[in-house]
Structure formats: C-alpha cells, structure tokens
Amino acid sequence: MASAANVLIAGDLVAFPTETVYGLGADASNSAGVARIYSVKGRPTDHPLIVHIASMERMGDWASDVPEYAITLARNFWPGPMTLVLKRSELAGDFVTGGQDTVGVRVPNHVIALALLEAFDKAGGMGVAAPSANRFGHVSPTTASAVVEELADYFSKDDLVLDGGACAVGVESTIIDCTGLLPRVLRPGAISTAMIEEVTGLDVLSPNGVDEIRVSGSLENHYAPVAKVLLCEVPVAGQGFIAHKNIETPSGVIRLASPGDDEEFARVLYSALRDADARGLSEVVVVQPIGIGIAVAIRDRLARAANGR
Ligand code: TXA
Ligand code: MG
C-alpha cells in the first residue's frame, strides 16, 4: 500500500477496487496526474471527477459550506456507496471539478481502497480522484481483469492495478447534490432515496433539469457494451439473456446471468454484459428488476446501456 501510495504521489495512476466498481486513481491535487486519467479513459475534460478520501474528517479539505444534512448523510453512509456533491474549497482545482464550483467526494467501503487512501494520507496526499476504470461510455469494471481488459493499451509502465476480487455492490455510487436546501439525487445507486429521506428527514429531489455535462454518467448513451441491449423483448435463439433466476431460458438463448435477488442483479450485471461482448454476441435481452431500492439504479444503467454507444 505504501508503494501504491508513492505511485500516486509520483503522478502515476493506481486502479483500485471499491465496493461499487473499480476506480482509476490519481493524486487529486496533481494536475498532471489527473490529466492522465482523462487521456487513459478518453474522457472529455469538462466532466468532473470524484475525490476519494480516507474518512469524513477530510471532507472539509475539499468542500466548503457543508450543510448539516450532508454531514448526517456522511455519518450514516460513509464509508459506503455514496458521493456527495458540495461547494468546493480552494484545494479542489478546475482540473478535478471540470471547472465547476462544486466537488464530488466519497469515502469508499472496501478494505483495499481504504488502506490505499490511508497510506496516501500518510505519504502527505489529500485525496484520490477516481472515475470508474473504463474507457469513456463503456461498462464499468467490477473485477481487476476487466480493468486490464479495458485499459491495458493505455497504461504506462509505472501505473498499477490492485486486485481486490469482484466488487460487492456492482453499480456506481449514489450521487447526491448537497448544494441546495434539499438533497437531490443526480445518479441512483445502492443508497436509495428512501434511505436518504429516513436519515435526513428531508424530501429528496429527483434529477430533473440537471445539466447533463455535470454528470457524465447521466448521459443517455453510457454504461454500454458493444452488444445491443434490448429491454422489452422476448429473447430468441442466439441472443444473450439476463433475468432473475425464476425466469426460464427459452431454447437456444444464451443465459449470461440468473441473479436470485436485486442485490445480486446489481453485482453481476456488468460482468454479464462484458461476457456478452467476450462471446461476440450481437444482442442481449435483459428483463429488468421491478421495485425500488437498488432496482432503480439497475434500471437507470440499463436504460442508458440500451441507448447504445
Ligand atoms: O461508485 C463510484 O462512484 C465510482 C467509484 C470508483 O468510486 N466512481 C465513478 O466515477 O463512478 P465516474 O467518474 O465514472 O462517475 C462519477 C460521476 C460522473 O458522471 C461525474 O460527472 C459526476 O460523478 N460528478 C463528479 N463530480 C461532480 C460534481 N461536482 N457535480 C456533479 N457531478 C459530478
Ligand atoms: Mg463512470
């Protein structure tokens, strides 16, 4: 972990596991390091990055005017699959925030991520900027081998990938805009609207009217495999198929995943979509989970994946 932290301090990249998906990390106060994230991902530079911190005590380094409800959220759900968008401090440079006056911060809940962030802290670092470790617009990686598959061609020799096995949650963090009087969910995730309302006692706003540039994950075409994702069809022979395990596989259809519940659905979804591409399938039919909770996040990602690349 100490040497991985030094890789970051030197301005190189460390891809690391979190509970949601793998991140592609750089020292968030090093503009050259952060610039490499954008080139390795092929991501437009006006799309902001999430700053990962070791504990909520570091929130005040990156953010200013933190409202009370944001502190309540941090206390309840960090470390965890939640990103808070806050008014930025002077430390949060334009090269991290995409030139906006806000910054996204998160304390991830994964032993390796936390150990890396703590070692980075000890080495004098302030925070690790990390988007999902995929090429822009593609499916987020939930295993170290998926990171290598996505980015190997773009890494340089001092970059590092930490292998922490498969991610436990499987879809990206809930992003909550905390710059207004009420929290607003910009991207649904494992921390649901009901959970936010319960701990804050506030009404939660939906993402209506959000400028799409601010959340690249909210672009209509995102999270997409090469295979075409179909959401409202009965699968036919030769197509891939992802559905809850109580739904049968029609003959000739290639079953890619059979999750037993919504949590497992989230956990296996991205690897199943990658599997479709690995098998060279041209179409995947997905029966979406109904209901609230993490099913909302799954449907959100599937709708974008279905819009294609
Ligand atoms: O679970 C996650 O959040 C993962 C892991 C690695 O932490 N990270 C992740 O990062 O999904 P990324 O960059 O792939 O998606 C983060 C989203 C982007 O759509 C970005 O535009 C948005 O967060 N974002 C970051 N800072 C923001 C800000 N200040 N205001 C609005 N949106 C912001
Ligand atoms: Mg992403």
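Val85 stands opposite Gly104 in strand S5, and that pairing is where I should like to begin. The model before you is a predicted one.

Strand S5 covers residues 102-106, and four bridges join it to strand S4 in an antiparallel arrangement. Strand S4 has a further partner in strand S8, residues 174-177; here again four bridges make the connection, but S4 and S8 run parallel. Within S8, Ile176 is the bridge partner of Leu84.

How many of the six residues of strand S4 are buried? Five of them are, so S4, which spans residues 82-87, is largely enclosed by the rest of the structure.

Let me turn now to Arg301, which lies in helix H10, residues 294-306. Is this arginine, Arg301, buried or exposed? Its relative accessibility is 1%, and because the threshold for burial is under 20%, Arg301 counts as buried. As to its surroundings, leaving aside residues up to four places away in sequence, Arg301 touches Val171, Glu172, Ser173, Arg187, Pro188, Tyr223 and Tyr270. Its side chain also makes a polar contact, at 2.9 Å, with the side chain of Asp300.

A final topic is the aromatic rings. The count of aromatic pairs comes to zero under the rule applied; that rule asks for ring centres within 6.5 Å. There is, however, a charge placed over a ring: the charged end of Arg135 sits over the ring of Tyr154, at 3.8 Å from the ring centre.

To close, I return to strand S4: it is joined to S5 in antiparallel fashion and to S8 in parallel fashion.

Note on methods. Residues numbered from 1 in each chain as written. Chains lettered and ligands numbered in written order. Predicted model: local features only at pLDDT ≥ 70, side-chain atom pairs only at ≥ 80, totals over all residues. Heavy atoms only, no water. Buried < 20%, exposed > 50% of the residue type's maximum accessible area, 1.4 Å probe, protein only. Helix = DSSP H or I, 4+ residues; strand = E, 2+ residues; numbered from the N terminus. Pairing = 2+ DSSP bridges. Polar contact = N/O pair within 3.5 Å; in protein donor to acceptor, adjacent residues only side chain to side chain. Contact = heavy atoms within 4.5 Å. Phe/Tyr/Trp six-rings, centres within 6.5 Å; stacked < 30°, edge-to-face > 60°. Lys NZ or Arg CZ within 6 Å of the ring centre and 35° of its normal.
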